[in-house]
Amino acid sequence: MAQVATPLGPLVRSLAGFRAERGLGISLFLNLDPTVVPTTKDVGSHVRSVVDDARRRVLELAPHLDHEQALGARNDLDAGEAFLEEELDRSGARGYALYVAGLDGVRYELPLPTAADDAAHVGRAFAVAPLLGALERDREVVVAAVGRERGTLWRTRGGSTEVLDDRTEEIHGRHDQGGWSQARFQRRIEHDALAHFRDVADLLAHAVEPGSGTFVVVACVEEQRSTFEELLAPHVREALLGWTAVEAHAGHEALEPEVDRLLSARLEDEREALLDRWREERASGGKAIVSWRDALEAAADAAVEVALVDGRSPKAWACPACGRGSIEPGGCPLDGTSLVEDSGGALELVARGALANAGRVRRIARLDETQGVAALLRYPVRAAR
Ligand SMILES: [Zn+2]
């Protein structure tokens, strides 16, 4: 069983904050959805098309590069192509990201639990917007399968799962009815079952750190639900995504679809709640942003608490010196450097600026009230306009 993955958040924040000092940052994204790329041969042709795209971008940037930088980018792409074609381990991954900035000594291989569209980005910074789907689903869920003789806890995150504890036992085997009356024997079994439930509830209380954002799913038969629920610690009850029924010996694979469904429903609720908060703030003239121009400024000023984006993105330009984004070309208002168009557009620049400064970014289906962005601020940056 795969070791549970490390949280994606800190890595994405450091990728968002990265700026190449000596060479170029190359970000390559591959869709590994088996319905789109079923075979290794299919992966190969997708790799070549993504890397060719990156090579074209390096050529476009050539007038701004010195010899060492151009050579470094070519070497990174040759090595990246060879790695993706020959060494890529796609097991369990639905997408893949490769980040490399050879001259700056940076390289990350990132299997993703969600599909990412094929894409290539080349510039001083890495592209992080294609990771938003994986980032949102990167939540830890503790799954408990509970019964009279069963108590298995798994921890799952980003598509990988590990067993936390297993208190499955043969309760009936411990007692020989012997000279006991049937009633007394039955009471003994009930007593043991309750002790076992308490034991498992206790494990669960320790497995879920209060305030950690970890979710809980409990699988047990309907009749035992209320008994077990009463034994749950308050912080575990708060972390509950939901209940699901379970076959006596079902492993975590059998529970996965239901855990996925419960997590998706919760994430949808979270997005709705954020959108509601944004609408309230907007109505009261508070800390809400409704335009790309303001979102870019707030992202650069580290003022974004949460940005909501729907996938639409106008063109945008970024300062090669400080990274500040702008909705139009020209010079950086801070240092006068000529702005360069970013291939990821305004969405990428807002995502990068927000994530690098400990903000959050959520992808939502459709934001009809704006041109594709809505953001909640940590503090008001300016009077709403
Ligand atoms: Zn600047």
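**Two sheets and the helices around them**

Strands β2 and β3 pair in the antiparallel sense, with seven bridges between them. This pair is a handy place to start in what is a predicted model. Ala97 sits opposite Leu110 in β3. The two strands make a hairpin with four residues between them, and there Gly105 takes a positive phi near 70°.

The hairpin belongs to an open sheet of four strands, in the order β3-β2-β1-β4, with antiparallel pairing. At the edges stand β3 and β4 (119–123), each with a single partner strand, so one side of each has no neighbour in the sheet. On average, neighbouring strands here are turned by 5° against each other, if direction is ignored. Further in, strand β1 (residues 25–31) runs antiparallel to β2 and is joined to it by six bridges. Ile26, for its part, faces Val100 in β2.

Helices come next. Helix α2 (residues 40–61) lies across β1 and β4, running at about 25° to β4. Helix α3 (residues 67–86) also packs on the sheet, where it touches β1, β2 and β4, and its direction makes about 25° with that of β1.

Then there is helix α1 (residues 9–17), in which Val12, Leu15 and Ala16 are buried. These residues lie on the same side of α1, because they cover an arc of only 100° around the axis. What do the buried residues of α1 pack against? Their partners are the two hairpin strands, β2 (95–101) and β3 (106–112), along with α4 (132–137) and α10 (345–356).

A further open sheet has four strands in the order β10-β16-β11-β15, and its pairing is mixed. Its edge strands are β10 (288–289) and β15 (360–363), each pairing on one side only. Within this sheet, β11 and strand β16 (residues 373–377) run antiparallel and are joined by five bridges. Val309 stands across from Val373 in β16. This sheet has a helix lying over it as well: α9 (residues 292–300) crosses β10, β11 and β16, at about 40° to β16.

How far to trust the details is a question of confidence. The chain has a mean pLDDT of 91, and 95% of its residues reach 70 or more. Among the elements of the chain, strand β11 (residues 304–309) has the highest mean, at 98, while helix α5 (residues 182–207) has the lowest, at 89. Where pLDDT is low, the predicted coordinates should not be read in detail.

Conventions
Residues are numbered from 1 along each chain as its sequence is written. This is a predicted model: local features need pLDDT of at least 70, side-chain atom pairs count only at pLDDT 80 or more; totals for chains, interfaces and linings use all residues. A residue is buried if 20 or more other C-beta atoms lie within 10 Å of its own, exposed if 12 or fewer, and partly exposed in between; C-beta atoms are placed from the backbone. The arc is that of the directions from the helix axis to the C-beta atoms. Two residues are in contact if their C-beta atoms, placed from the backbone, lie within 7 Å. pLDDT is the predictor's confidence in each residue, from 0 to 100. Two strands pair if DSSP finds at least two bridges between them. Axes are lines fitted to C-alpha atoms, for helices over the stretch in contact, and angles run from 0 to 180 degrees between N-to-C directions.
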